[in-house]
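Student: Please show me the model, and then let us go through its side-chain packing by question and answer.

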Amino acid sequence: MENQIFELQYAIDTFYFLVCGALVMWMAAGFAMLEAGLVRSKNTTEILTKNVALFAIACTMYLLFGYQIMYNDGGWGLIGIAGGDTLVADALASSAENGFNGDSVYSTAADFFFQVVFVATCMSIVSGAVAERMKLWAFLIFAVVMCGFIYPMEGSWTWNGDDVFGLYNLGDLGFSDFAGSGIVHMAGAAAALAGVLLLGARKGKYGKNGEIRAIPGANLPLAALGTFILWMGWFGFNGGSVLKLGDIANANSVAMVFLNTNAAAAGGAIASLLVARAIFGKADLTMLLNGALAGLVAITAEPSTPSALQAVLFGALGGVLVVFSILTLDKLKIDDPVGAISVHGVVGLLGLLLVPITNDGATFSGQLIGAATIFGWVFVTSLVVWGILKAVMGIRISEEEEYEGADLAECGQEAYPEFVN
């Protein structure tokens, strides 16, 4: 009887992991649509090519190297996920060793699938920030390093609990990041910031006298669709991070995570809409979209312990912060066409700092040290990689190519050819 219960639990938890992983994979479509909507039409094909290609690269590099680095004591080489018979044997061995003890039990293959779509999410954040002026192949080469080494290393210090260069353990210091406000989102923003600083702003974005010129996106309906896709996918992102469904306590935890994730997104959207109205005198759709995403990022570090009202308030803080962050980065002439650095980086830090309010297992000092470790590692290593690429092959398309659009320069085809005379 006990083995039958274990097998049922194993099947439910594995299936839940796979469904949540599929939801997170769907976020790749959300990023693609959001970015395609917020860039100019002449850069649409290139941005879509980047998003599809980076997902494939992330899956492959994490399979070859990343998962091994992140979860197998820093080992190198092919992960070698086992076939069906070996996976079944491992499950039966776990049953014999642990019995039905309430621990999370699921297939190793399901665990890999759930983890690999997080890697792709991290890399997707970089794509939007460097849009409209980066060389496609330089970006894809960076994706190889980011997904195969940079992200897995900081992931091993956080979710696997390894010591940071043998110096200290973030978990022992009181660091907690439930689903990745820092580990995934702030890491992606750190890599993006390093690239943007070396890349420079788009031509015409900033005037000689310091004025900031708006460069509207070509397809706001597409951007809105992308936001809703991301909102939906986030239920898998946060909900799957519970790691278990097959008992009453964890089923209730999953339900609370879903509730708080949705509440925070709503709070972020409303707050950003109101702040934009107060500043600009009108409703700003792009700020509204980024506000919803900011609410989602803010709650991701700890969606299980806040009350629903606290989740709304945390999301609202993210929605307010993201508006001012986007405006501030523009004043600093850090050109981010989609607001990714603000949404995922600045609000990602906020999410980490909110954790100790409702989770007594985390400390503010631990959260700050963890955030500094993640940002410092990803930013510095990314800056080195971007710098090497800039020296070897260049990372920016020419001024003429930027004027005609990255679609023709990098892909040789336009997304909307019927609109061109």
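Student: Over the face of which residue does K42 lie?
Tutor: This is a predicted model, in which local features need pLDDT of at least 70, side-chain atom pairs count only at pLDDT 80 or more, and totals for chains, interfaces and linings use all residues. Residues are numbered from 1 along each chain as its sequence is written, and side-chain values use heavy atoms, with hydrogens and water left out. A charge sits over a ring if NZ of Lys or CZ of Arg is within 6 Å of the ring centre and within 35 degrees of the ring normal. At 5.6 Å from the ring centre, K42 lies over the face of Y403.

Student: Over which ring does the charged end of K50 sit?
Tutor: The distance from the charged end of K50 to the ring centre is 4.7 Å. The ring belongs to F139.

Student: Which residues does F139 touch, not counting those up to four places away in sequence?
Tutor: Contact means heavy atoms within 4.5 Å. With residues up to four places away left out, F139 touches K50, L54, M123, V126, S127, V130, M134 and W386.

Student: Which helix gives the largest share of the largest nonpolar core?
Tutor: A nonpolar core is a set of buried Ala, Val, Leu, Ile, Met, Phe, Trp, Tyr and Cys residues joined through side-chain atoms within 4.5 Å; buried means under 20% relative accessible area, exposed over 50%, partly exposed in between (1.4 Å probe, protein chains only). The largest core has 112 residues, and M123, F139, F142, M146, Y151, V378 and W386 touch the most other members. Helices are DSSP runs (H or I, at least four residues), numbered from the N terminus. The largest share, 13 residues, comes from helix α4 (residues 108-129).

Student: Is N51 buried or exposed?
Tutor: N51 lies in helix α2 (residues 44-71). Leaving aside neighbours within four places in sequence, N51 is in contact with A28, F31, A32, E35, S124 and S127. Its relative accessible area is 4%, so N51 is buried.

Student: How many residues apart in sequence are the parts that the pair of F118 and W159 ties together?
Tutor: Rings of Phe, Tyr and Trp (its six-membered ring) pair if their centres lie within 6.5 Å; planes under 30 degrees apart count as stacked, over 60 as edge-to-face and the rest as tilted. The structure holds 17 aromatic pairs, and F118 with W159 is edge-to-face, at 6.0 Å centre to centre and 75° between the planes. F118 lies in helix α4 and W159 in the loop between α5 (136-158) and α6 (181-199), so the parts tied together are 41 residues apart in sequence.

Student: Which of these two is partly exposed, F118 or W159?
Tutor: F118 has 1% relative accessibility and therefore counts as buried. With a relative accessible area of 26%, the partly exposed residue is W159.

Student: How far apart in sequence are the parts that W157 and W377 tie together?
Tutor: W157 and W377 form an edge-to-face pair, 5.3 Å centre to centre with 75° between the planes. W157 counts as buried at 3% relative accessibility, and W377 counts as buried at 14%. Because W157 lies in helix α5 and W377 in helix α12 (residues 364-392), the parts are apart by 220 residues.

Student: What is phi of E132 near?
Tutor: The place of E132 is in the loop between α4 and α5, and E132 counts as buried at 2% relative accessibility. Most residues other than glycine have a negative phi. Phi of E132 is positive, near 80°.

Methods
Helix = DSSP H or I, 4+ residues; strand = E, 2+ residues; numbered from the N terminus.
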